[in-house]
Amino acid sequence: MSPTKRGALAMVLGLAWAAPPAVAVAGEGAVEQAMKDELARSLAELQVPGEPRPYYIAYTFTDVEEAEVNASFGAVTVSEKRRRRFLRVDMRVGDPKLDHSNFSARYSTPEYSSSEAALDDDYGSVRRLLWRRTDDAFRAALERLSAKKGAAERQSESADAVPDFWVGAPAVNLTHAPPATGAVPDPGPLAGLAARLTSIFRAHAGIQRSTAFAQHTVLRRRFVSSEKSFIDEKTSNVRLDVRAETQAGDGMPLWNAAWFRALEPRGLLGPELMGAEVERRAAELEAARTAPLATSGDAVVLFEGPAATDIVWRLLADHLSGTPPARTAEGDERREGSLADRLGQRVAPSFLSVHDDPSVEHMPDGRGLFGAYRTDDEGVAAERVKLIDKGVLTGLLMSRTPSRDLGRSNGHGRGTAIDGSYQGRFANLFVTGGAAALDARRLRQKALAVAREMGPRTSVYVVRLMDDEPVIAFHLTGAGEKPVRGLMIEGLSSRRLKDLVAVGDTPYVSNLVRFGQASGVRGMPSSIVAPPLLFKDLEVRRDTRKFPKPPLYEHPHFARPKPAK
Amino acid sequence: MRAARLETTGDLLIGRRRRSLLVALLLAGCAAPRPATDLAATPPAMDGKARPPALVRASLEPGVAAAARAPGLAALERELARARATLAEARPPAYFIAYRVHELRFLEMSAIDGAIDRTLATHRRWLDTEVRVGERRFDSSRPSRSVPLNRVELALLPREDDAAAIAAVAWRETDRQYKAAAQRLSQLRAQQAVRVEREDSSDDFTAEKPVVQLRPFAAWQPDVPAWQARLRRASARFAALPALEGEVGMRAIADDRWVVTSEGTVLQLPGRRVELMISARLRTGDGAELTSERRLDSHTLEGIEALATDDRLAGLVDEVVATLRALAAAPLAEPYVGPAIFEGGSAAVLFHEALGHRSEGSRLHRDQEDHTFASKVGVRVMPAFLSVFDDPTARKLGSLDLVGHYLFDDDGVPAERVTLVEAGVFKGFLLGRTPVKGFSRSNGHGRGELGRHRESRMANLVVEPSAAVPPAELRRRLLDEVRRRGLDHGLRIRRLSGGETILSRGESVLRLELSEVYRVFADGRPDQLVRGANLSGTPLAVLGRIEAATDRYEVFNGGCGANDSGWVPQSNTSPDLLVSEVEIVRKPKGQDRPPVLPPPPPGEARRGP
């Protein structure tokens with residue numbers, strides 16, 4: 001949108017909002033109208049004598065339409081459809097230089113993030129809900145601001161004090177519904193698919209338990225702010241996860257999974273291809289049951305497929321936020337593992353580059369990316385951000401809470417606010433090795449060569465699936481790869497990026513929905529695209545924990561008939 | 001130990017605003033709404049002999065053709081036989097295995113300000129697997145202060161009767177539960193050597209006769225759009241007082257059960273329950289949060305549809321609004337010691353807290369509890385004109401459905417009417433399958449929330465006087481006592497929102513969260529509503545001070561929460577009672593003020609863009 005158009009739109013909206021809310025709207029426009037009317041009233045009138053007022057208010061309604069399915073050993077256990085609506089009220093009280101945000105007040109009223117809202121598009125009930133929740137947010141903000149000012153008076157003033165809020169965000173007027181969001185969530189077909197894929201395990205006697213989970217979610221986010229933004233943006237995603245569990249002869253729990261992801265159900269692989277993938281994972285898991293245990297010591301480890309994107313998530317993705325840590329009465333909080341203080345420094349080998357781009361909806365081969373959006377949860381237009389360029393940290397993911405180094409948002413304020421501030425979070429994170437990337441064969445040759453350099457008896461492992469520890473792993477020798485189990489890796493942190501010695505040339509796309517603190521009402525859809533990653537000098541050890549005994553009697557489906565007495 | 005709570009709103013309250021209400025209610029302990037009109041119209045007793053409550057009982061005999069065995073049930077029986085054959089020979093042996101299946105179809109809806117706030121429908125079939133290892137005398141489930149009970153783990157079963165998939169889940173759960181039970185038994189044996197003997201040396205598990213009964217599962221089709229329309233219409237009436245947050249919600253639960261045990265019990269039992277809640281809260285300028293609720297219950301969808309007519313719901317919403325208006329204008333209660341009339345529902349909750357929880361037999365195995373009645377069997381504990389019993393087979397009182405009704409408890413044991421107190425004398429305990437000294441059989445009171453342990457719990461508690469006075473006479477006696485004590489007024493406790501009791505050794509206390517309390521003046525002034533009153537007392541003392549009763553019975557239908565067994569639906573019935581002395585304390589004061597801005601102006605509807 002051009003600045004001229006944006007200005008004209010803001011003026012029109014401004015006029016519309018200034019008009020007294022004499023009449024209510026029924027039907028589709030009711031929610032939007034109620035948001036605008038109550039926002040205008042709150043901004044103009046919300047005040048406690050002698051106390052600061054809100055200088056910014058934003059309302060977000062998120063409509064969730066969802067189908068959810070579970071299946072177990074070929075039969076459906078859950079098949080449900082639901083609709084829900086959530087309201088989030090964001091408010092800044094004080095002024096942009098010093099407001100109530102980014103302060104962790106241990107004893108203040110918890111600032112609520114999202115609450116469930118009426119599903120009916122009823123003007124009156126939406127307005128009354130907004131009135132009540134705005135009041136709640138205002139009280140919580142006043143309390144937090146008072147605590148923050150009290151703490152500031154007791155602390156020496158920081159020389160590099162930065163504002164609390166970036167006020168330069170242009171107003172956005174956007175309605176966006178990608179084609180995939182037109183598919184209505186329907187549990188029926190997903191249930192059939194989940195049952196079919198788990199029925200594959202009826203032919204795998206070595207596997208104790210098989211389950212599938214499928215979810216199709218369409219989200220509609222309506223955002224109105226006092227800066228005259230109005231956004232109506234839809235996103236969608238489908239997940240179908242098949243998981244199998246078993247135990248080795250010594251009782252060690254083992255599992256494997258096949259994950260299928262798309263933006264809509266018809267984007268999933270065909271049933272035959274999915275079935276073949278599940279068969280491969282079943283065979284891999286059965287082979288792991290009798291695999292030898294890993295050897296402790298220093299090792300070379302190649303992470304590929306989902307394990308590569310998992311490593312990127314653990315070592316990098318969550319440490320790229322530029323949002324400063326919340327202040328507390330005791331000072332600033334430290335953020336464990338954050339790379340924010342290393343802007344401009346080398347953080348990885350020179351062949352590695354990383355960027356985040358929420359505007360990419362599909363990979364070149366057509367696969368959809370979960371982390372795609374036009375505007376972030378603060379209503380700021382998404383931007384491509386170069387994070388690591390040839391090993392040097394060049395950028396960070398920013399929300400509207402500025403830092404000493406970066407004063408503006410780049411459209412990565414996601415989820416819900418923590419301590420009054422949105423955090424910069426990754427959306428579609430791309431890791432590339434540029435011209436240095438190796439194909440699979442050369443990567444393995446390189447791994448063996450690095451191991452030889454490290455010294456005798458240095459093992460090389462290939463990890464295909466990670467949880468807290470490797471789940472599916474192989475021992476690589478000159479003779480090939482053999483399954484191994486009980487492999488554990490010590491000390492994985494962002495500092496280990498310096499031990500990255502090579503990357504592959506085939507990126508794996510991991511679409512995930514992240515849950516946890518401030519991840520939004522239905523999690524935070526995100527994507528990581530990463531090639532295989534080869535690390536040297538990792539300390540590995542054999543899992544020596546005690547395990548539950550294997551089952552005392554046979555799985556009923558595979559039980560042999562008792563011989564007649 | 002906070003052992004027992006009674007409330008009526010449960011987890012109907014979801015979402016931030018409602019969650020905070022729930023917390024308030026949970027802290028308060030209970031909620032108390034009940035239909036006020038069902039029984040109040042009963043003509044008062046005119047002579048000294050009380051009429052018994054008009055209970056309608058259901059027969060344990062099926063009375064209908066036995067249903068065919070569903071393939072899923074048959075698959076569970078086969079898998080149980082296979083498990084038993086193996087695990088009975090294991091070391092240590094499993095001597096009891098049970099599969100309890102709950103096919104739970106759950107519908108929850110609520111409306112606020114005339115709009116549907118939430119519609120949640122789920123359909124799950126849960127398997128609860130119990131494996132007892134050791135022997136009846138000493139098994140893996142014995143309560144112990146130093147070895148916590150194993151968690152009850154539920155597993156999802158296929159919704160369809162896929163025998164292979166059902167058996168696979170049952171097999172895995174049985175193996176898991178056996179291992180957990182064997183490990184706990186080993187820990188119990190180890191600590192037995194270093195701990196003192198239990199006070200009650202009864203077995204750990206009763207022996208019961210197996211029962212086979214297959215009742216057909218009826219259809220279950222709630223009309224969601226019709227209910228949504230009904231809730232919208234009713235909740236829109238709260239707009240009459242916009243500062244108030246009002247909600248109309250319904251919860252319909254079909255809980256169809258299978259129980260299969262290694263003792264030979266095979267049960268197929270339909271279960272149905274529908275609740276309708278009308279609740280509102282209002283914040284006053286002095287920081288108090290006032291709440292008022294009403295509730296309708298039925299065993300069937302048809303029943304609730306007949307009860308919850310538009311007129312009835314409108315009347316209940318208006319009652320709630322009027323109550324909150326009156327409470328907002330009412331003076332604050334003062335600390336008080338003196339006589340009080342408990343109207344029926346309130347009296348019923350008094351008995352629930354003071355007597356009911358102390359009659360739950362499994363508590364005698366908890367060393368940390370006070371065991372109030374352990375040595376009171378055959379001893380007078382309250383006035384001779386009062387008897388108390390618990391009867392899960394009672395389906396109704398008059399036309400009112402009792403939510404504690406069932407025919408087989410959660411252990412699968414047939415329900416029995418149990419006399420707790422007869423003519424003032426304590427007779428015995430409510431029992432599940434944990435025996436206590438002198439009582440070696442279950443009387444069908446083993447209950448527990450899905451996913452929690454089963455303990456002995458109340459179902460339908462009924463207080464029955466042998467002698468009664470008319471309500472006017474009860475009031476006259478109250479005023480006589482007021483004058484005798486030289487007081488200005490006595491109290492009439494019309495409603496309460498719940499109660500709780502503490503059963504710890506060294507602290508035996510009950511608290512009632514009162515919601516509508518009136519001062520009854522000695523000089524004949526009209527009764528005056530007060531707000532902010534709670535009752536605090538010691539159970540045996542309160543029971544001993546009951547002076548008289550009417551035979552105007554009222555029911556408090558609610559949910560009761562306790563220790564390891566969680567929340568169960570439960571009803572309490574009592575006539576009005578006069579207690580010669582109670583202690584009233586003030587409620588804790590809130591801090592929040594009403595909203596800064598007035599409610600938004602109502603808009604006239606026009607067509608959308």
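**Notes on the predicted model, chains A and B**

1. In β8(B), Ala252(B) is the bridge partner of Leu107(B). This pair belongs to a predicted model. β8(B) covers residues 245–261 and runs antiparallel to β3(B), with 14 bridges joining the two strands.

2. β3(B) spans residues 94–112, and 18 of its 19 residues are buried, so this strand is largely enclosed by the rest of the structure. β3(B) also pairs with β4(B), residues 115–135. That pairing is antiparallel and counts 18 bridges. Within it, Ala111(B) stands opposite Ile116(B) of β4(B). The hairpin of β3(B) and β4(B) leaves two residues between the strands. Asp113(B) takes a positive phi there, near 55°.

3. A general reminder on such pairings: strands of a sheet pair through backbone hydrogen bonds, in either the parallel or the antiparallel sense.

4. Next, Val274(B). This residue sits in strand β10 of chain B, residues 272–283. Is Val274(B) buried or exposed? The relative accessibility is 0%, and the cut-off for buried is under 20%, so Val274(B) counts as buried. Leaving out residues up to four places away in sequence, the contacts of Val274(B) include Trp220(B), Met250(B), Arg251(B) and Ala252(B). Also among them are Leu296(B), Asp297(B), Ser298(B), Thr300(B), Leu301(B) and Ile304(B). Ala252(B) thus appears here as a contact of Val274(B), and in point 1 as the bridge partner of Leu107(B). Glu583(B) is 309 residues from Val274(B) in sequence. Their C-alpha atoms are 36 Å apart.

5. His371(B) lies in a loop. The flanking elements are α7 (344–356) and β13 (386–390) of chain B. Its relative accessible area is 11%, which is under the 20% cut-off, so His371(B) counts as buried. Which residues does His371(B) touch, not counting those up to four places away in sequence? They are Glu199(B), Arg363(B), Leu364(B), Arg366(B) and Arg505(B).

6. Helix packing, α2(B) on α3(B). The helices cover residues 71–87 and 163–192. Their axes are 9 Å apart, at an angle of about 35°. The crossing is right-handed. On the α2(B) side, the contact uses Gly72(B), Ala75(B), Leu76(B), Arg78(B), Glu79(B), Arg82(B), Ala83(B) and Leu87(B). On the α3(B) side, it uses Ala163(B), Ile166(B), Ala167(B), Ala170(B), Trp171(B), Thr174(B) and Tyr178(B). By class, this contact holds 10 nonpolar, two polar and three charged residues.

7. Helix packing, α4(B) on α6(B). These helices cover residues 224–236 and 310–329. Their axes come within 9 Å and cross at roughly 35°. This crossing is right-handed. Arg230(B), Arg233(B) and Ala234(B) of α4(B) meet Asp310(B), Leu313(B) and Val317(B) of α6(B). The contact divides into three nonpolar, no polar and three charged residues.

8. What is the strand order in the open sheet of three strands in chain B? It is β2-β14-β15, with antiparallel pairing. The edge strands are β2 (55–57) and β15 (400–401) of chain B, each pairing on one side only. β14(B), residues 394–397, pairs with β15(B) in the antiparallel sense over two bridges. One bridge partner in β15(B) is Leu400(B), facing Leu397(B).

9. Chain A has a hairpin worth a look. β9(A), residues 230–247, runs antiparallel to β10(A), and 10 bridges join them. Thr246(A) stands opposite Leu254(A) in β10(A). Five residues lie between the strands, and Gly251(A) takes a positive phi near 95° in this hairpin. β10(A), residues 253–262, is mostly covered, with seven of its 10 residues buried.

10. Finally, totals for chain B. The chain has nine helices and 29 strands. Of its 609 residues, 60% count as buried. Among contacts with a separation of 6 or more, 79% come from residues 24 or more positions apart. The accessible surface comes to about 22700 Å². Carbon and sulfur atoms hold 52% of that surface.

Technical notes: Residues numbered from 1 in each chain as written. Chains lettered and ligands numbered in written order. Predicted model: local features only at pLDDT ≥ 70, side-chain atom pairs only at ≥ 80, totals over all residues. Heavy atoms only, no water. Helix = DSSP H or I, 4+ residues; strand = E, 2+ residues; numbered from the N terminus. Buried < 20%, exposed > 50% of the residue type's maximum accessible area, 1.4 Å probe, protein only. Contact = heavy atoms within 4.5 Å. Areas by Shrake-Rupley, 256 points an atom, 1.4 Å probe, with all protein chains shown as cover. Pairing = 2+ DSSP bridges. Axes fitted to C-alpha atoms, helices over the stretch in contact; angles between N-to-C directions. Left-handed = near helix turned anticlockwise from the far one by under 90°. Nonpolar A, V, L, I, M, F, W, Y, C, P; charged D, E, K, R; others polar.
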